Amino acid sequence: MKIHEYQAKDILRQYGVPVPRGEVAESPEKAREIASALKCKVVVKAQIHAGGRGKGGGIRLASSPEEAYEAAQSIIGMKLVTHQTGPDGKIVKKVLVEEATLTKQELYLSLVMDRSRECLVYMASQAGGMDIEEVASRAPEKIIKAAVSPATGFSPFHARKLFYGLGLDKSLSGHFSNIVKGLYQAFIEKDASLLEINPLVITQTGELLAIDAKINFDDDGLYRHPEIKGMRDTDEEDPLEVEAVNTGVNYIKLDGNVGCMVNGAGLAMTTMDLIKLAGGEPANFLDVGGGATAERVEKAFRILTSDPKVKVILVNIFGGILRCDRVATGVIEAASKIEKRLPMVVRLQGTNVDEGRKLLRESSLTFEVAEELYEAASKAVELSK
Ligand code: GDP
Ligand code: MN
């Protein structure tokens with residue numbers, strides 16, 4: 001799960017990471033009010049679940065409450081397109097209004113999960129700011145890393161390694177260590193999956209300050225953190241994916257036009273591979289789960305067909321716990337309620353397969369039946385063209 005910058009800063013503040021004073025606003029009036037209470041120059045920053053806002057025009061400096069009002073007015077409601085939003089962009093609904101910082105240097109600091117090393121790894125760079133992706137690809141030696149063993153956890157050694165690697169002034173060492181340590185504590189205690197400060201700045205008065213913050217959380221740890229669950233902003237998420245979460249199916253929208261309904265993550269991935277092998281593009285990943293009811297199958301079917309890009313539906317079910325007749329009932333129920341008639345390829349195998357096929361055959365639906373996996377995928381791809 002992702003959260004907004006202002007929420008990430010609230011969390012980091014609790015762990016002793018210095019962040020600018022500020023507040024979130026949903027209207028230009030509120031932005032003006034915050035700016036006048038802060039009594040200083042402010043930055044007005046679009047709050048969307050994507051980075052690259054600076055380059056996209058979503059961040060503006062304002063030297064008076066009136067300018068803050070104007071900045072907020074132009075940012076709220078704008079469609080912000082950045083390299084992370086995709087070409088459709090995102091509509092901005094909120095801005096963060098905070099004390100502007102006079103910066104001397106922009107650093108990069110993050111804590112990420114390194115799956116191949118099976119541990120958390122800090123990454124830091126002197127070349128922080130807006131082009132960190134470029135630094136990582138062109139001059140990876142400029143990124144300093146410190147891996148934290150899960151057995152021993154954080155140690156001041158990690159902070160020292162980053163500190164000397166960055167070549168920071170001695171006067172910053174204590175503050176820097178606190179920030180590095182705070183990131184680790186926040187990561188572990190909140191079940192994060194990524195934590196990034198870009199940039200961490202050295203101000204003109206010689207202090208360290210996190211002027212941007214990003215935290216992603218491990219969805220499987222959310223049940224332990226109601227306060228973080230409460231930060232979810234479904235406006236920022238794909239509506240179909242939100243509905244899927246509420247239904248209990250695993251659905252990820254993709255860019256292709258072959259809609260898939262499959263049971264089991266492994267079979268779902270195999271199905272996607274075979275669609276690609278047959279020259280097509282899957283429109284989604286959808287795992288209805290093992291013990292799905294006819295009702296859940298119906299809902300999954302509806303989610304799948306709400307994507308306007310879908311040209312054909314491929315149902316690929318291996319009936320184990322989820323019996324084929326239940327799937328057939330769900331599909332028939334759903335398809336008869338949906339107005340849009342799409343070509344359908346069904347491949348059922350396993351428990352109650354004959355009953356399932358019989359139900360489909362006796363329904364008023366028209367569909368192609370396939371017995372083998374690749375046959376099913378290539379039929380679906382053919383129909384999608
Ligand atoms: P991002 O583009 O979405 O990553 O948003 P950031 O919050 O990182 O802001 C982008 C850039 O705007 C930063 O790298 C800074 O250069 C600049 N910026 C943001 N806030 C301030 C500020 O308070 N003072 C100054 N001088 N620059 C800022
Ligand atoms: Mn940033």
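What follows looks at a four-stranded sheet, two helices that go with it, and one arginine elsewhere in the chain. The model is predicted, so to speak of local features a pLDDT of at least 70 is needed, side-chain atom pairs count only at pLDDT 80 or more, and totals for chains, interfaces and linings use all residues. Residues are numbered from 1 along each chain as its sequence is written, chains are lettered from A and ligands numbered from 1 in the order written, and side-chain values use heavy atoms, leaving out hydrogens and water.

The sheet is open and antiparallel, with its four strands in the order 1-6-2-3. Strands (E, at least two residues) and helices (H or I, at least four) are DSSP runs numbered from the N terminus, and two strands pair if DSSP finds at least two bridges between them. Strand 1 (22-25) and strand 3 (59-62) sit at the edges, each pairing on one side only. From one strand to the next, the twist averages 20°; axes here are lines fitted to C-alpha atoms, for helices over the stretch in contact, with angles from 0 to 180 degrees between N-to-C directions. Five antiparallel bridges link strand 2 (residues 42-46) to strand 6 (residues 95-99), and Val44 has Val97 of strand 6 as its bridge partner.

Helix 2 (residues 28-38) packs on this sheet, touching strands 1, 2 and 6, where contact means heavy atoms within 4.5 Å. Its direction makes about 170° with that of strand 1. Helix 4 (residues 65-75) lies across strands 2, 3 and 6, at about 165° to strand 3.

Arg357 belongs to helix 13 (residues 353-362). With a relative accessible area of 16%, Arg357 counts as buried (under 20%; exposed is over 50%, partly exposed in between, with a 1.4 Å probe and protein chains only). Leaving aside residues up to four places away in sequence, Arg357 touches Leu348, Gln349, Val369 and Glu371.
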